[in-house]
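Here are a few friendly notes to read alongside the model. Please keep the 3D view open and look up each residue as we come to it.

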Amino acid sequence: MMVDNRYATALVIGSVLSLLATVYLSVAVGTPYWYQYSSPQNNSGETPSHDVDSEKTFMEKLYQSSGTLGLWWYCIQGPGSTGSCRSYTLQQQLTSKYNDPVSTTSEDLLRTYLWRCQFVLPLVSLGLVSLAALIGLCSCLCRSLTPTLFVGVLHLLAGLCSLAATCCFLVGLRLLHKLLVVPEEVEGSLGWSLYLALASSPLHMMAGALLMWASGSHRKNYRRMTAYRIA
């Protein structure tokens with residue numbers, strides 16, 4: 001089936017945007033720089049330790065050691081440029097959050113599900129894009145633009161999932177900071193990993209919109225040409 005140059009251009013641009021967004025999101029998920037703390041106590045000369053017995057102890061170590069937070073990783077910095085990073089275990093990701101970060105008497109359902117959503121939704125987004133790539137490959141082999149509409153819908157859903165994951169992270173962190181107030185001498189700021197995740201969302205959505213437009217417009221044009229030939 002012949003494809004108009006406009007639709008072919010839209011497909012190429014959409015594919016490039018999709019690839020760029022997927023790389024951004026993959027890097028964001030795999031790096032621990034969604035949020036970072038800067039503390040003057042980091043130069044105290046103490047060796048960083050990952051031994052924690054509660055959420056309160058964990059956050060205090062991050063505050064004191066200029067630590068960084070990610071979806072799957074966190075880093076505790078030592079004096080100078082030393083430090084170490086560790087990944088959360090699946091059990092830690094699924095652990096319930098509590099209204100009192102020290103005890104386990106009252107579960108905070110909102111923070112619990114925000115925490116779980118923030119690491120599940122990016123994986124769902126990457127899964128949707130992988131499925132879209134597989135369908136797109138089959139579409140190319142079959143020389144048909146019909147499945148491209150479904151590919152565009154998958155990209156839109158992927159963009160929504162990555163945006164929702166970012167929102168869950170920010171809201172959950174804000175609630176945590178209300179329970180465990182950041183000391184005045186500690187500065188907190190958004191990290192570049194978070195910005196990459198934010199950038200991936202509109203890129204996926206733009207890719208989806210272009211693919212859906214190309215599929216819909218090509219289908220309408222093909223129907224007109226078919227009706228014209230029959231007439």
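Which residues does leucine 194 touch, not counting residues up to four places away in sequence?

1. Let us start with that question, keeping in mind that this is a predicted model. Leucine 194 touches Tyr33, Trp34, Thr166, Phe169 and Leu170, once residues up to four places away in sequence are left out. Try selecting these residues in your viewer, beginning with Tyr33 and Trp34.

2. Where does leucine 194 sit? It belongs to helix H6, which covers residues 192-230. Its relative accessible area is 0%, and leucine 194 counts as buried because that value is under the 20% cut-off.

3. Leucine 194 also has a partner in space that is distant along the chain: threonine 31 is 163 residues away in sequence, yet the two C-alpha atoms are separated by 9.5 Å.

4. Now compare arginine 6, is it buried or exposed? Arginine 6 lies in helix H1, residues 5-30. With a relative accessible area of 52%, arginine 6 is exposed, because the value is over the 50% cut-off. Between arginine 6 and alanine 214 there are 8.0 Å from C-alpha to C-alpha, although they are 208 residues apart in sequence.

5. Pairs such as these lead to a figure for the whole chain. Take the contacts between residues at least 6 apart in sequence: 75% of them join residues at least 24 apart.

6. Next, please look at two helices together, H4 (residues 109-142) and H5 (residues 148-179). Their axes come within 8 Å and cross at roughly 165°. Angles over 145 degrees count as roughly antiparallel, so H4 and H5 are roughly antiparallel to each other. The crossing of H4 and H5 is left-handed. As for the residues in this contact, 25 are nonpolar, eight are polar and one is charged.

7. How many helices and strands does the protein chain have? There are six helices and five strands. Reading from the N terminus, you will meet them in the order α-β-α-β-β-β-α-α-α-β-α. Tracing that order in the viewer is a good way to find your bearings.

8. Finally, some totals for the surface and the interior. The protein chain has 231 residues, and 41% of them count as buried; leucine 194 is one of the buried residues. The accessible surface of the chain is about 12600 Å², and carbon and sulfur atoms account for 64% of that surface.

Note on methods. Residues numbered from 1 in each chain as written. Predicted model: local features only at pLDDT ≥ 70, side-chain atom pairs only at ≥ 80, totals over all residues. Heavy atoms only, no water. Axes fitted to C-alpha atoms, helices over the stretch in contact; angles between N-to-C directions. Helix = DSSP H or I, 4+ residues; strand = E, 2+ residues; numbered from the N terminus. Parallel < 35°, antiparallel > 145°, perpendicular 65-115°, else oblique. Left-handed = near helix turned anticlockwise from the far one by under 90°. Nonpolar A, V, L, I, M, F, W, Y, C, P; charged D, E, K, R; others polar. Buried < 20%, exposed > 50% of the residue type's maximum accessible area, 1.4 Å probe, protein only. Contact = heavy atoms within 4.5 Å. Areas by Shrake-Rupley, 256 points an atom, 1.4 Å probe, with all protein chains shown as cover.
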